[in-house]
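I opened this entry to record what I looked up in the model, step by step.

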Amino acid sequence: MNHILPLIVAIPLGMAVVTLLLSKAAKRIADFTAFLTTAVCLVLSFVLLGTTKTAYWMGGWYPPFGITLVFDGLTAMLLLIINSVGFLATVYSLSYMEKYTAKPKYYALFLLMVAGMNGVVLTGDLFNMFVFLEIASIASYALVGFGVEHEELEASFKYLILGTVASTMMLLGVGLTYAMTGTVNMADASRMLMSMPATRTMAFAAGAFIMGFSLKSGLVPFHAWLPDAHPSAPAPISAMLSGVLIKALGVYAMARVIFDVLGAQPIYLNIMITLGAISMVVGGFLAIGQWDFKRMLAYSSISQIGYVVIALGLGTHLGFIAGLFHMFNHSSFKSLLFLSSGSIEHSTGTKNLRRLGGLGTKLPVTSSSTAVGALSISGIPPFNGFFSKMLIILACVQAQRWVLAALAAGVSVITLVYFLKAMRYSIFGELPKAQEKIKEVPFPMAFSLITLSVICLGIGIAFLVSPTFGDAILKPAADVLMDGLKNNASSYISTVLGG
Amino acid sequence: MIGHSSLYIMDIALLGMGLYAIIAKRHVIKKIIGVAIVEYAINLFLILIGYRMDGIAPIQAEGMTSAEFAKMAVDPLPQALVLTSIVIGLGTLALMASQAIKLYEKYKTFDMSEINRLRG
């Protein structure tokens, strides 16, 4: 079974090149290959769900000498998120990207980004993680600026500068870890670091890692690029960036390095909680004032990622379950909302809430999917957002962090406020005169919207029927983090190094 | 002769200079140069980790035992890492330069304070 592991990185990586080459013959082939590639990746990530922990030694080189691909509960969950959102975004792109001229190039970059993210969550080698992180990031810089208009270029440039600083900070952390342990294999480094007394070098490495990954995940005060970059990208890319990229490159990488490599000391967890709490509140308040729908969604991403980071930083089993569940849910409803905003822009030509209104009658699919997304993210039962937010608040109470619990509850009210504003000005109200001739989006776009809406509602109802519904995926993922916290990542180390 | 720790201090100073250029300079090209300086500082840092004063290149000569070799040679792994990191840096630098050209075409300026359509 572990022979699938390299394939899930290699297939999109290879197909990115093949797509470009084949599209020289006929442009339409690019649609087909991109669809097929992401579909295969989705199937592979479902097949892998049944596997238990396993490791693959690239080229037969034993760790710590060769590169290891590691598969455990946390990786399984992330792979599922990345490839399902990737597949739906590709389906959406089939018609949405028609208005851009260089569709094959778009698909090539898109597949590179998917390959990079799959690599980041699979790899068991710190430097290899940096390389995959750069593959995903560079593809995303180019994709943000894909429209090559004023705003896109400006956003892309800011993102590029700050993203590069983030990557170099991560590389500094890798260098310091290597200086301490003499290895870049995560399990091997972890084994040595756990038996060492805490030093200032270790704290410096942790600081560099946390700064790099916070920049990638857009936590306040490292968020400056996010509200520019996410709205400026084409809608399917916004969905990938907000739905997946900040989680795979930011939150996942931070959790993996802190829990499984450096060892989760209380101070790192407190830093995570502090950054998360600030992001949650600041992102929420900044979102209220926005009139650009996509910009509002971007600020909302900052706020929701704050929730995830807080829950992971609590360091309790319920906290891990809650945080990972919210991460899963956020990827479904935030990509749904970004795709919906793209559909609104596709039909009406604007994303400014002041110029929208009355879409409920004209665009039934788009407006109902917007409503589902908005209700899910603001935490209205029985949608999935309600349950994960409730779990996060419960986890805060259980850990006796009363202030955090109150903040989380308060920010969910703020979330409700700005999404009510978004719905009031887009779905309800008067239809502006200029937009009486608008048409509903074509089938591929509607397909992605409906599928994601069904996922949002389905997870919520399934959780209502049986609260243990998500355990098959969430429990193994939370156990990985728990193992890092309590047992010095011994189970992770034995998976990689064997014995 | 310069000691090992002062090399590290100079390297961190280089990193600080690069970050300063990124944050404080408004000129697009100067920001790009700042990013390049940061990348070089980190690459140099990696090299310094594996460096050994008066060390030899990590190629085992004939008649040299493995123990002798390990005692004298510099650490080759950071050099391999830096090679990869330089290539990645080249990629980002090329992307940044092409974006700077595009930005100039659209805005007719390199001043970041005038490239400010996105705010709020």
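Before placing any residue I noted what counts as an element: helices are DSSP runs of H or I with at least four residues, and they are numbered from the N terminus. I also noted that I am working with a predicted model.

Entry 1, one residue. I looked up Ala139(A) and found that it lies in helix H5 of chain A. Is Ala139(A) buried or exposed? I counted 24 other C-beta atoms within 10 Å of Ala139(A), and since the cut-off for a buried residue is 20 or more, I entered Ala139(A) as buried. Leaving aside the neighbours within four places in sequence, I listed Leu109(A), Leu112(A), Met113(A) and Gly116(A) as the residues in contact with Ala139(A). I also checked Leu111(A), which is 28 residues from Ala139(A) along the chain, and read a C-alpha separation of 8.8 Å for the pair.

Entry 2, two helices. For H5(A) I compared the reach of 27 Å, taken from the first C-alpha to the last, with the 27 Å expected for its 19 residues at 1.5 Å a residue, and found the two close. H5(A) is mostly covered, with 19 of its 19 residues buried. I then turned to helix H4 of chain A, residues 103-122, where 20 residues at 1.5 Å each should span 28 Å, and the end C-alpha atoms are 29 Å apart, so I recorded agreement. H4(A) is also mostly covered, as 19 of its 20 residues are buried.

Entry 3, the contact between chains. How many residues does each chain bring to the contact? I noted 28 residues from chain A and 27 residues from chain B. On the side of chain A that touches chain B, the elements giving two or more residues are helix H5 (126-144) and helix H6 (150-181), and H6(A) gives the most, with 17 residues. By class, I entered this side of chain A as 16 nonpolar, seven polar and five charged residues.

Entry 4, a helix pair within chain A. I found that helix H3 (residues 73-96) and helix H19 (residues 471-486) of chain A pack at an angle of about 130°, with their axes 6 Å apart. That angle makes H3(A) oblique to H19(A), and H3(A) passes H19(A) in a left-handed crossing. From H3(A) the contact is made by Gly73(A), Leu74(A), Ala76(A) and Met77(A), while H19(A) supplies Ile473(A), Pro476(A), Ala477(A), Asp479(A), Val480(A) and Leu481(A). I divided the residues of this contact of H3(A) with H19(A) into eight nonpolar, one polar and one charged.

Key
Residues numbered from 1 in each chain as written. Chains lettered and ligands numbered in written order. Predicted model: local features only at pLDDT ≥ 70, side-chain atom pairs only at ≥ 80, totals over all residues. Contact = placed C-beta atoms within 7 Å. Nonpolar A, V, L, I, M, F, W, Y, C, P; charged D, E, K, R; others polar. Expected span 1.5 Å × (residues − 1). Buried ≥ 20, exposed ≤ 12 C-beta atoms within 10 Å, placed from the backbone. Axes fitted to C-alpha atoms, helices over the stretch in contact; angles between N-to-C directions. Parallel < 35°, antiparallel > 145°, perpendicular 65-115°, else oblique. Left-handed = near helix turned anticlockwise from the far one by under 90°.
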